[in-house]
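Hi,

Here is the structure I said I would pass on. Have a look at it first, and my notes on what turned up follow below.

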Amino acid sequence: MDLVKRAFLRACKNHSTLSYGLIDQILSPLCELHKVDKPANKEALKAFVGEIDGCIRVFDQKLVFIKHALEDEEYLVYAKTDATPDTIANTGLVAEECQYFAKLLDKIADEENCCMAWNQTYSDLGIEKPPKKLRMQELLKKWCQMGYFLEAEDNIYLGPRTLVELGFYLRSNHAENIESCKLCSNLVLWDIRCDSCHIQYHRDCIRKFLQKRSNCPSCNELWKTPLRVSTDGRRSVTPQP
């Protein structure tokens with residue numbers, strides 16, 4: 001199983017952000033090749049990933065699952081625990097391209113609901129010598145594939161890897177827009193708010209909390225906000241009151 005874990009970790013580094021479908025595409029042939037049993041369900045898979053995560057933390061790396069509220073989908077994310085916007089854009093980029101990543105990240109985080117129209121990602125970012133537009137398009141596509149950003153309905157949002165890898169940076173530098181869930185302390189964006197106090201929570205966190213209580217954990221008023229998700233699985237983004 002150790003050989004499977006090492007090969008799976010290499011694949012996670014290459015893909016950065018993995019859906020359950022991609023995980024299965026990687027893990028099934030690996031387990032078959034090395035004649036070991038594949039994790040039988042999500043619980044077993046998360047235990048398998050947890051063992052890998054426990055081994056790589058000492059190397060300033062982590063491998064964790066995160067649910068992205070916009071897609072209502074859980075992803076497995078490989079991330080560096082010591083990352084900053086200046087260091088994570090990727091090796092092999094020139095200074096202007098690394099600056100483009102950092103400026104784009106800050107611009108999106110500064111926007112209401114942390115999103116930006118796709119066509120605005122190429123202008124007004126305050127870069128003295130920005131990359132050519134075609135190169136910006138290539139970079140943005142690459143960063144979306146890596147999970148740093150997410151494209152939805154002609155907008156660009158912070159992606160699952162950014163939420164994992166740059167959580168401390170976002171909380172420290174964009175506290176006016178970036179919140180932490182008061183139930184789990186992880187970043188929470190585009191999710192559910194209390195009708196009374198407008199504090200935001202992860203839907204799964206508040207659903208679990210409300211199994212035992214009926215009031216908002218922040219204001220103690222009766223919880224009235226519906227917990228259901230739209231039929232297409234994608235959540236609408238509404239401005240904070």
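First thing to know: this is a predicted model. I'll start with the helix pair at the N-terminal end. H1 and H2 are roughly antiparallel to each other, because their axes cross at roughly 150° and anything over 145 counts as roughly antiparallel. H1 covers residues 2-15 and H2 covers residues 20-33, and the two axes come within 10 Å. The crossing of H1 past H2 is right-handed.

Which residues of H1 and H2 meet? From H1 there are Val 4, Ala 7, Phe 8, Ala 11 and His 15, and from H2 there are Leu 22, Ile 23, Ile 26, Leu 27, Leu 30 and Cys 31. By class, that contact has ten nonpolar residues, one polar and no charged.

H2 also meets H3 (residues 42-56), with axes that come within 13 Å and cross at roughly 70°. H2 and H3 are therefore roughly perpendicular to each other. On the H2 side, the contact uses Tyr 20, Ile 23 and Leu 27, while H3 brings Lys 42, Leu 45, Lys 46 and Phe 48. The split here is five nonpolar, no polar and two charged. Ile 23 and Leu 27 turn up in the contact with H1 and in the one with H3, so if you are scrolling through side chains, you will meet them in both lists.

Now the sheet. Three strands make an open, antiparallel sheet in the order E1-E3-E2. E1 and E2 are the edge strands with a single partner each, so one side of each has no neighbour in the sheet. H1 packs on this sheet and touches E1, E2 and E3, with its direction at about 95° to that of E3. H3 lies across E2 and E3, and runs at about 140° to E2.

How is E3 joined to its partners? E1 (residues 17-18) is tied to E3 by two bridges, and E2 (residues 61-68) by eight; both pairings run antiparallel. On the E1 side, Thr 17 has Val 77 as its bridge partner, and Leu 18 has Leu 76. Leu 76 is also the bridge partner of Phe 65, so that is a handy residue to click on if you want to see the sheet from the middle.

Is E3 enclosed or open to the outside? Six of its eight residues (E3 is residues 73-80) are buried, so the rest of the structure largely encloses this strand.

Last, a few backbone oddities. Most residues other than glycine have a negative phi, but some here do not. In the hairpin of E2 and E3, with four residues between the strands, Asp 72 has a positive phi near 50°. Ser 185 is not a glycine either, yet its phi is positive at about 75°; it sits in the loop between E7 (179-180) and E8 (187-188). Asn 220 is another non-glycine with a positive phi, about 70°, and belongs to the segment after H9 (203-209). Asn 220 is exposed, at a relative accessible area of 55%.

Cheers

Technical notes: Residues are numbered from 1 along each chain as its sequence is written. This is a predicted model: local features need pLDDT of at least 70, side-chain atom pairs count only at pLDDT 80 or more; totals for chains, interfaces and linings use all residues. Side-chain values use heavy atoms; hydrogens and water are left out. Axes are lines fitted to C-alpha atoms, for helices over the stretch in contact, and angles run from 0 to 180 degrees between N-to-C directions. Angles under 35 degrees count as roughly parallel, over 145 as roughly antiparallel, 65 to 115 as roughly perpendicular and the rest as oblique. A crossing is left-handed if the near helix is turned anticlockwise from the far one by less than a right angle, and right-handed if clockwise. Contact means heavy atoms within 4.5 Å. Ala, Val, Leu, Ile, Met, Phe, Trp, Tyr, Cys and Pro count as nonpolar, Asp, Glu, Lys and Arg as charged, and the others, Gly among them, as polar. Buried means under 20% relative accessible area, exposed over 50%, partly exposed in between (1.4 Å probe, protein chains only). Two strands pair if DSSP finds at least two bridges between them.
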